[in-house]
Amino acid sequence: MAGYRTYTSAADMGAYISKLVLDLPEEARSEFIGKDTFNVFVERRDPATGEVVLAKEHHDDKLALPSRGYVPILDAYTSDAEGTAQPSGTHVALELPEIRLTKRMDGGVLGSRIRTSCFRITQTQAIASSTPGAAPLAGLVFDTDEGDICPDLAGWDLTGSGIFAGLDMNYSFFTPDLSAINERRALPGPFGQKLAPLTKVPLLLWLHGAGEGNEPYRTVMGNKVTSLSGPDIQGKLGGAAYVLAPSSPTYWMDSGDGNIADDNQSIYTKALKALVDEFIAAHPGIDTDRIYVGGLSNGGFMTCRLVVDYPGFFAAGVPVCAPWVESLASEEEFKAMAKTPLWFVQAADDPLVDAETHALADYRHLKRIGAKDVHVTCYDHIEDETGRYKDKYGQPQRYVGHFIWINAYHDTVKTELDGTNVLMDGRPVTLWEWVGRHSLA
């Protein structure tokens, strides 16, 4: 028996095992490897019980089925140990599709669970040896998991923990590589210009939804939080930014009994502020005039709660499908909220957070009391923007309206409520361009 490594990618609908990297006993050439050289069988198990789990796709009306079976191979080639294609090598990479059998987690908006994926990869066709006259490779079986490769987590630390305002909390954080970034900025551009080195950079506090709490891996990989550390959004935040992603032990909307409460209160307000303060103190490269906050669903609520309780601390906020109830907030709370520039993101067909009584009502209230820098983008519905995900009719896959964070991670959010572009200094901006141009100074 031989070993394999999984290769995990962050995608719109969560984390998937997108490749398997097999460790061959000798070197092989890529022209002797094909999609039919191996087959892949997997069982997805509950890590606590070891039992095969029942699962189905969120948009599938079928009953949940045992999560085991054969996985199609999209491509196969020799590679290095990290799964990068090479003309020859002692490793083979097998590219896999984004299907339930390759998904790292199951669940929905109110809770998700990490799964253990147990693969058995069997060689079905002989591989010609690279050594002339030598016998071909045959009969290989790979069933020993030797770890995971996840480039999307580069720069992330998932091990943060501490007691903040009396509450024990885990957290993850991304640290930008300023040395490498400044080396690139020092290179002449197309017209010979060089960019000034970055010395102080922003901090983005990002707050997860109800389904990604407690466990830092689930917080970051449960949906595409790693897009915030990618070059596109990092560039729009000024070239580089720290990202701090705490994990709620219960729910951000917990007002004291451990459950979600729709009362605009939270036991985590002081703890989050204490965490941010400690993180800033430990990272002197953070620009305290550019502390941003945002989050989705439960985290969108917590974004509103924090800007109410700490007016003037955050330079901008992004509440995404935020269940902040306008009718429960006092006039004083709205006046405090109005001191922070906010951009609400919502879908009109959200089945969990009603747009009219939450984001739209909050936006209108803020405008009514004179908030000068508040925006709301409200989609009729959301569907795949990438061309990768299609329904059974070949049309872009339509998502549950609550999943509006997908658009925020792609940074395609850019319109006012009336459909016109959000403008800064007369120029259209996207959501993250807007955030990155805000500073308290």
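This section describes the nonpolar cores, one helix, two loop residues and the aromatic contacts of a predicted model.

The largest nonpolar core comprises 50 residues, of which W206, L228, V320 and W432 touch the most other members. For V320, contacts beyond the four neighbouring places in sequence on either side are made with W206, G295, L296, S297, G300, V345, I404, W405 and A408. Apart from this core lies another, of 49 residues, whose members include F164, L178, M253 and A371.

S297, one of the residues in contact with V320, belongs to the loop between β17 (286-296) and α5 (298-309). Although S297 is not a glycine, its phi is positive, at about 55 degrees. The relative accessibility of S297 is 9%, and this residue therefore counts as buried, the limit being under 20%. A positive phi is also found at A165, again a residue other than glycine, with a value of about 50 degrees. A165 is located in the loop that connects β13 (156-164) with β14 (167-174).

Helix α1 spans residues 178-185, and its buried residues are L178, I181, N182 and R185. Viewed down the axis of α1, these residues fall within an arc of 95 degrees, so they line one face of the helix. On the other side of α1, the exposed residues are S179, E183 and R184. The cover over the buried residues of α1 includes strand β15 (201-207). L178 of this helix is also among the members of the core of 49 residues.

Aromatic pairs number 15 in the structure. One of them joins F164 and Y171 in an edge-to-face arrangement, with 6.0 Å between the ring centres and 70 degrees between the planes. Both partners are buried: the relative accessibility of F164 is 4%, and the relative accessible area of Y171 is 15%. F164 and Y171 belong to one aromatic cluster together with F173, Y242 and F279. F164 thus appears in this cluster as well as in the core of 49 residues.

Lysine side chains are also placed over aromatic rings. The charged end of K273 sits over the ring of F313, at 4.4 Å from its centre. K19 lies over the face of Y7, with a distance of 4.7 Å to the ring centre.

Definitions and conventions
Residues are numbered from 1 along each chain as its sequence is written. This is a predicted model: local features need pLDDT of at least 70, side-chain atom pairs count only at pLDDT 80 or more; totals for chains, interfaces and linings use all residues. Side-chain values use heavy atoms; hydrogens and water are left out. A nonpolar core is a set of buried Ala, Val, Leu, Ile, Met, Phe, Trp, Tyr and Cys residues joined through side-chain atoms within 4.5 Å. Buried means under 20% relative accessible area, exposed over 50%, partly exposed in between (1.4 Å probe, protein chains only). Contact means heavy atoms within 4.5 Å. Helices (H or I, at least four residues) and strands (E, at least two) are DSSP runs, numbered from the N terminus. The arc is that of the directions from the helix axis to the C-beta atoms. Rings of Phe, Tyr and Trp (its six-membered ring) pair if their centres lie within 6.5 Å; planes under 30 degrees apart count as stacked, over 60 as edge-to-face and the rest as tilted. A charge sits over a ring if NZ of Lys or CZ of Arg is within 6 Å of the ring centre and within 35 degrees of the ring normal. Lists of a residue's contacts leave out its neighbours within four places in sequence.
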